[in-house]
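Morning, everyone. Let's walk through one model together, starting with its pocket.

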Amino acid sequence: LTEIITAIQSYSQNLFQTTLSYKLNVMIMKKTIGLTLSDFENADVYDKIQRAQDEIGYRPFQLYSSILSIIGSTITLISTAFILIVWKWWIFVLLLIVPIISTIYSTKIGKRQFKIEWRRAPRYRKAWYYSFLMSRDINYKEIKLYGLGNYLLEKYNKIFERYLKVDKKVTKYRTIITFIFNFLINIMGDGITLMLLYSAFNGELPVGNLFSYIRAVSMTESNFESIMNTLFSMYQDNLYIKQLFEFLDLPEGESKKLTDYQLDLSVKLKSIDKIEFRNVSFRYPGSTDYALRYISFTIRKGDVVAIVGKNGSGKTTLVKLLTRLYDIYDGDILINDIDIRKYNIDDVRSNLGVVFQDFVKYEMKVRHNIGFGNINNLNSNREIINGARKAGIDSMISDLPNGINTQLGVWFDNGKQLSGGQWQKVAIARAFFRNASAYILDEPSSALDPAAEKEIFEQFFKSTKGKIGIFTSHRFSTVKYASNILVFEGGYIIEEGSHENLINFSNYYKKLYEIQASPFYNIIEKE
Ligand code: ADP
């Protein structure tokens, strides 16, 4: 019977452990999806994620096992304690003293250990980052070329060597304390046993009773010790599990709260026909400098607007506000004359097809890489090929070994690696695949050759006909076909107009356009 029960127990515990850790990980991931971009730009939040994930594999299950174990030990303890209390109650009390003191000490050590671990999260993340730099193909070329491998390994080692020293100290202290208390417990047990033997020798105790008392003493001792140890480990598990709850309790981010506050359920968004910025100024959370200052402009259906400016002038920030990655700013952003924050955030986003400068290269099939633009249409081959055509990669895809079912990247089996420009076109196809009413390309030309760039722009103008098109660029020479050009500098719009207007009547745009259009600049850029 015991064998059968043990087998069932082990089966259900294994299953429970796997399910528990899987479900908790899902909870963490769900929470992560709900976080805002500002959360992801905050090191504290990363530390919290690290702490929550670190111990998730075993702590919660251990807590559950501890509860079972305490119930078991308590039942046994009650029956053995009963025998002792009826006989000589003070023996029972004597047996409790050492384990109680030892638990108080262990708890103190446990708290110390926890604090040490808690403080380590940021450095653990650094160690993780060094190992990430050394173990991913995307970093390989630079790490190899600059000979950074050993340097990074050294940095990684330093973090753990330092920890080893501290761990050694704590473990040593803990071992000594445990040894002393175990020694005392043994002495106590042996003393009581000797006393029992002496009573039996004197004839005060029948031999049969002697054995049951000796057994009761040793079982009380071991069960009480086990209860105390389990309580200690529960206490420690609890400290770690608190980290998990701390992470799960993270507020959804300031912007989300504001969004909920301003949301107006009666306002629906079918298509974006007009975008207006009115005196918008914005600072990144925690930053004192304004990335955008007093920005005002209007874009209407049918316009293709170019936002041009040097690196760091605020172009991407504007796209981030328009895509509602940040919701807190001064001034107003209006869509179809209504405050953007009144709309359901998903409605706004589903109406936008955006390619960010740092777009994602999904190590998945072409189907996913394009289909993620509109997840509901993931299985429509015709639509995916149509999206590919708009980005000029339909023939490239049909040349791939499995067409749209070809795995991209090199992280998984049979992957086909693309060039930087090809990846960028795939990302553009993803945006075109979305049935949006406004399309935004953030620095689309950065990885494209001039021919591909021309092709993409032609396609962009064609695909955004009758819709809104916005693209940002640091190259003044590529924006001349836009219906309106906004020239950014230091977060301000310093000039605005069509190419002809700006060339004739502006200073900054004209100067930079002429420099970038000059053969000399082209040579520099090519080199
Ligand atoms: P551009 O797209 O024109 O190259 P950005 O809009 O990315 O420029 O950046 C505008 C300014 O905002 C820069 O000074 C940059 O340092 C700052 N910035 C960009 N992203 C962040 C961020 N996440 N946190 C704080 N400052 C940022």
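First, a term. Helices and strands here are DSSP runs, numbered from the N terminus; a helix needs at least four residues, a strand at least two. With that in hand, the elements around the largest pocket can be named. Four of them, α9 (315-322), α10 (345-350), β6 (352-355) and α14 (420-433), each supply at least two lining residues. Keep in mind that this is a predicted model.

Which of these elements gives the largest share of the lining? That is β6, with 4 residues. The pocket itself holds about 840 Å³ of space. Its lining counts 25 residues, and the closest to the centre are V354, V355, F356, Y362 and R430. What is the lining made of, by class? There are 12 nonpolar residues, 6 polar and 7 charged.

Stay with α9 for a moment. Is this helix enclosed or open? Burial here means under 20% relative accessible area. In α9, 7 of the 8 residues meet that cut-off, so the helix is largely enclosed by the rest of the structure. The buried ones are K315, T317, L318, V319, K320, L321 and L322. Two lysines are in that list.

Just past the end of α9 comes R324, with a positive phi of about 60°. R324 is buried, at 2% relative accessibility. It also has a partner: R324 forms a salt bridge with D327, closest N and O atoms 3.1 Å apart. D327 is buried as well, at 3%. Elsewhere, salt bridges that share partners join K274, E276, R278 and D337 into one network.

That brings us to the charges in general. Side chains of opposite charge can pair when their charged atoms come close. How many salt bridges does the structure hold? The count is 11.

Two more of them deserve a look. Take D47 and R125. Their closest N and O atoms sit 2.8 Å apart. D47 lies in helix α3 (residues 43-54) and R125 in helix α4, so the pair ties together parts that are 78 residues apart in sequence. How covered are the two ends? D47 is buried, with a relative accessible area of 7%. R125 is partly exposed, at 22%.

Now R120 and D167. Here the closest N and O atoms are 2.9 Å apart. R120 lies in α4 and D167 in helix α6 (residues 149-201), so this bridge ties together parts 47 residues apart in sequence. R120 is buried, at 3% relative accessible area. D167 is partly exposed, at 30%.

Helix α4 spans residues 59-135, and it turns up again on the surface. Which residues form the nonpolar patch there? They are I85, W89, W90, V93, I97, I101, Y105 and Y173, with about 750 Å² of accessible area together. Helix α4 gives the most to this patch, 7 residues. Look at the spacing in those numbers. An α-helix has 3.6 residues a turn, so residues three or four places apart point the same way. One of the patch members to click on is W89, in α4. W89 counts as exposed because its relative accessibility is 55%, and the cut-off for that is over 50%.

Next, two backbone oddities. Y294 has a positive phi of about 45°, although it is not a glycine. Y294 is found in strand β2 (residues 290-300). Is its side of the story buried or exposed? Y294 is exposed, at 57% relative accessibility.

The second is N336. Its phi is also positive, about 50°, and again the residue is not a glycine. Where is N336? It is in the loop between β4 (330-335) and β5 (338-339). N336 counts as partly exposed, at 23% relative accessibility.

Last stop, F245. This residue is in helix α7 (residues 207-248). F245 is partly exposed, with a relative accessible area of 45%. How far is F245 from N186 in space? They are 40 Å apart, C-alpha to C-alpha, with their positions 59 residues apart in sequence numbering.

That's the tour. Over to you.

Definitions and conventions. Residues are numbered from 1 along each chain as its sequence is written. This is a predicted model: local features need pLDDT of at least 70, side-chain atom pairs count only at pLDDT 80 or more; totals for chains, interfaces and linings use all residues. Side-chain values use heavy atoms; hydrogens and water are left out. On a 1 Å grid over the protein atoms alone, a cavity is a set of points where a 1.4 Å probe fits but cannot get out, and a pocket is an open set with protein on both sides within 12 Å along at least five of seven lines; lining residues have an atom within 4 Å of a point. Grid points are joined across faces, edges and corners, and a volume is the space filled by probe spheres set on the points. Ala, Val, Leu, Ile, Met, Phe, Trp, Tyr, Cys and Pro count as nonpolar, Asp, Glu, Lys and Arg as charged, and the others, Gly among them, as polar. Buried means under 20% relative accessible area, exposed over 50%, partly exposed in between (1.4 Å probe, protein chains only). Patches are made of residues with over 30% relative accessible area and no salt bridge: like charges are joined within 9 Å, nonpolar side chains (Val, Leu, Ile, Met, Phe, Trp, Tyr) within 5 Å. Accessible areas come from the Shrake-Rupley method with a 1.4 Å probe; for residues, only the protein chains shown count as cover. A salt bridge is a side-chain nitrogen of Lys or Arg within 4 Å of a carboxyl oxygen of Asp or Glu.
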